[in-house]
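Colleague: I've got the sequence and the fold open on my screen. Can you walk me through it in plain terms?

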Amino acid sequence: MVEIEARADIAEALRLRNPRERVGPLDVLKGVSPTEHRGAPSAAPPSALQAARPARDTWYEIDLQAIRHNYRQLRAQLPAGVKIFACLKRNAYGCGAGHVAEALAAEGAYGFAVASLPDAIAIRERGVVRPILLYPGPLPGSAPVIEALDLTITVSSLAELELWRAALPGLCIFVKCDLGFFRAGATPGEIGGLLASARASARVEVQGLYAHLSELPGSPPSDALTQFARLRRIVRDAEAAGTLPPIVMLSSTEGVLRYPEMDFDAVDPGALFIGMPETDSPVRQVSLRPALTAISTSLVAIKHIDASLEPVPELPGFRSGMTIGVLGMGWGDGYPRRVPPNAEVLVRNRRAPILPPAHLEHLRVDLTHVPEARFGDRALLLGRQGGEVITLEDLAAQWGTDIVGLHADLRDHIPRVYV
């Protein structure tokens, strides 16, 4: 089954909580009250034409079955009591947080973790009601949306705790500890006091304690073991003080594959579900499939360069008598600003060179050796046509990045086709 991504009326997220009120999270942020919005007409449904194809002839193809397969691969490796919070930050690595969460919820994921409110809203819009942990990012000014969507926030200090308590009448939190990542989180010396203060407040429900292993460049493997030992001491001290939350969580993708002893009560991998193991030396062996299977665009123009256009630009790949095609995708759509050397696209089951320079919404391609190419033909920057294939590894190498970086460059305005 193929499903075209369509953004529903944002108000659906709040109608999950109160079907009589048509007020959405973004309305709350703009100061629109439920009483002002009540009785307003709902958004018109997409037309049959919009539902039949993407809004433009460039799209990403996302394999939801691969995502579900990857989840099952991990679930089979974990003890039954270990919960999975699927980390879907950066719009599920560009694959669409709402649709990915819906697929993982169907597989039994306990909850989700995101760093931005739009990702949380997208998950709720798909009807997913599992817990959502907000990593550091949203501020107390977003309290009405957080309350309406039943989100759990991260607290890293006493100052944060007090500001959130003032913003929300009832507070559900995970406390974060910094074990050596030098990012968000209370230090090991501060964490005990923060847990105690949160536990002492009648309006605060401390649902969990979590940390992330350091990803700083040059960190030796021994750092992970040192950080693990720190967290174990924190857990032991909190248990003795009666302030230990019900969930302790440490491992993301690399940690859950390399260090089974660090499972604790829950894990929060993310890249794993998209098909990226993020480690070359896993202890847990999983067979992952890529979620991003194609980046597709179309030929929006074709022309033969005749003598009337000469002189030909003195740019790599340009020559008299060539045939040029124009792709409906450019650097504004996530393609590199500078066309990489040896960049290619698949047209009519053949490889065709991409020519510099890149433009905001267009690229040139040399079609001289693809004479059968026609206006409207599909062109693949990633994927398979006939016997030719451009893999994620190929594309990442072309673009001078890695696969995680490639996913981070996927643009949210490009439609996604789910298969």
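Modeller: Sure, let's begin at one loop. Phe-375 sits between strand E15 (363–366) and strand E16 (378–385). Keep in mind that this is a predicted model.

Colleague: Is Phe-375 buried or exposed?
Modeller: Its place is in the loop between E15 and E16. The cut-off for exposed is over 50% relative accessible area. Phe-375 has 64% relative accessibility, so Phe-375 counts as exposed.

Colleague: Which residues form a nonpolar patch on the surface with Phe-375?
Modeller: The patch has about 280 Å² of accessible area, taking its members together. Besides Phe-375, those members are Val-300 and Ile-302.

Colleague: Now the inside. How many residues are in the largest nonpolar core?
Modeller: In soluble globular proteins, nonpolar side chains tend to be buried together. Here, buried residues make up 48% of the 419 residues. Leu-88, Leu-104, Phe-112 and Ile-173 have the most contacts inside the largest core, and its size is 119 residues.

Colleague: And apart from the largest core, how many residues does another core have?
Modeller: Phe-318, Met-322, Ile-324 and Leu-355 are among the residues of that other core. Its count is 5.

Colleague: Which residues is Leu-88 in contact with, leaving aside neighbours within four places in sequence?
Modeller: Leu-88 is one of the residues with the most contacts inside the largest core. Some of its partners belong to helix H7 (97–107), and Ala-97, Val-100, Ala-101 and Leu-104 are buried there. The full set is Ala-97, Val-100, Ala-101, Leu-104, Phe-112, Ala-113, Val-114, Asp-119 and Ile-123.

Colleague: How many of the 11 residues in H7 are buried?
Modeller: H7 is mostly covered. The buried residues are Ala-97, Gly-98, His-99, Val-100, Ala-101, Ala-103, Leu-104 and Ala-105. That makes 8.

Colleague: Just after H7, which residue takes a positive phi?
Modeller: H7 covers residues 97–107. Just after it, the phi is about 110°, and the residue is Gly-108.

Colleague: Which strands does E3 pair with?
Modeller: E3 (residues 83–87) is mostly covered, with 4 of its 5 residues buried. Over 3 bridges E3 pairs in the parallel sense with E4 (residues 111–114). Another 2 bridges, also parallel, join E3 to E10 (residues 266–267). So the partners, with at least two bridges needed for a pair, are E4 and E10.

Colleague: Which residue in E10 stands opposite Ile-84?
Modeller: On the E4 side, Phe-85 has Gly-111 as its bridge partner. On the E10 side, the residue opposite Ile-84 is Val-267.

Colleague: Leu-78 caught my eye. How far apart in space are Leu-78 and Val-256?
Modeller: Leu-78 lies in the loop between helix H5 (64–75) and E3. Leu-78 is buried, because its relative accessible area of 8% falls under the 20% cut-off. Leu-78 touches Ile-84, Val-256, Asp-263, Val-267 and Arg-284, not counting residues up to four places away in sequence. Leu-78 and Val-256 are 178 residues apart in sequence, yet C-alpha to C-alpha they are apart by 8.8 Å.

Colleague: What about the backbone oddities? Which residues are joined by a cis peptide bond?
Modeller: One cis bond has omega of about 10° and joins Glu-310 and Pro-311, with Pro-311 in the loop between strand E11 (292–304) and strand E12 (323–327). Another has omega of about -5°, and there Pro-357 is in the loop between strand E14 (350–355) and E15. The pairs are Glu-310 with Pro-311, and Pro-356 with Pro-357.

Colleague: Phe-264 has a positive phi too. What is its relative accessibility?
Modeller: Phe-264 lies in the loop between helix H13 (253–258) and E10, and its phi is near 50°. Phe-264 counts as partly exposed, because its relative accessibility is 24%.

Colleague: And Asn-349, what is its phi?
Modeller: Asn-349 lies in the loop between strand E13 (344–347) and E14. Asn-349 counts as partly exposed because its relative accessibility is 44%. Asn-349 is a residue other than glycine, and its phi is positive, near 65°.

How values were computed
Residues are numbered from 1 along each chain as its sequence is written. This is a predicted model: local features need pLDDT of at least 70, side-chain atom pairs count only at pLDDT 80 or more; totals for chains, interfaces and linings use all residues. Side-chain values use heavy atoms; hydrogens and water are left out. Patches are made of residues with over 30% relative accessible area and no salt bridge: like charges are joined within 9 Å, nonpolar side chains (Val, Leu, Ile, Met, Phe, Trp, Tyr) within 5 Å. Accessible areas come from the Shrake-Rupley method with a 1.4 Å probe; for residues, only the protein chains shown count as cover. A salt bridge is a side-chain nitrogen of Lys or Arg within 4 Å of a carboxyl oxygen of Asp or Glu. Buried means under 20% relative accessible area, exposed over 50%, partly exposed in between (1.4 Å probe, protein chains only). A nonpolar core is a set of buried Ala, Val, Leu, Ile, Met, Phe, Trp, Tyr and Cys residues joined through side-chain atoms within 4.5 Å. Contact means heavy atoms within 4.5 Å.
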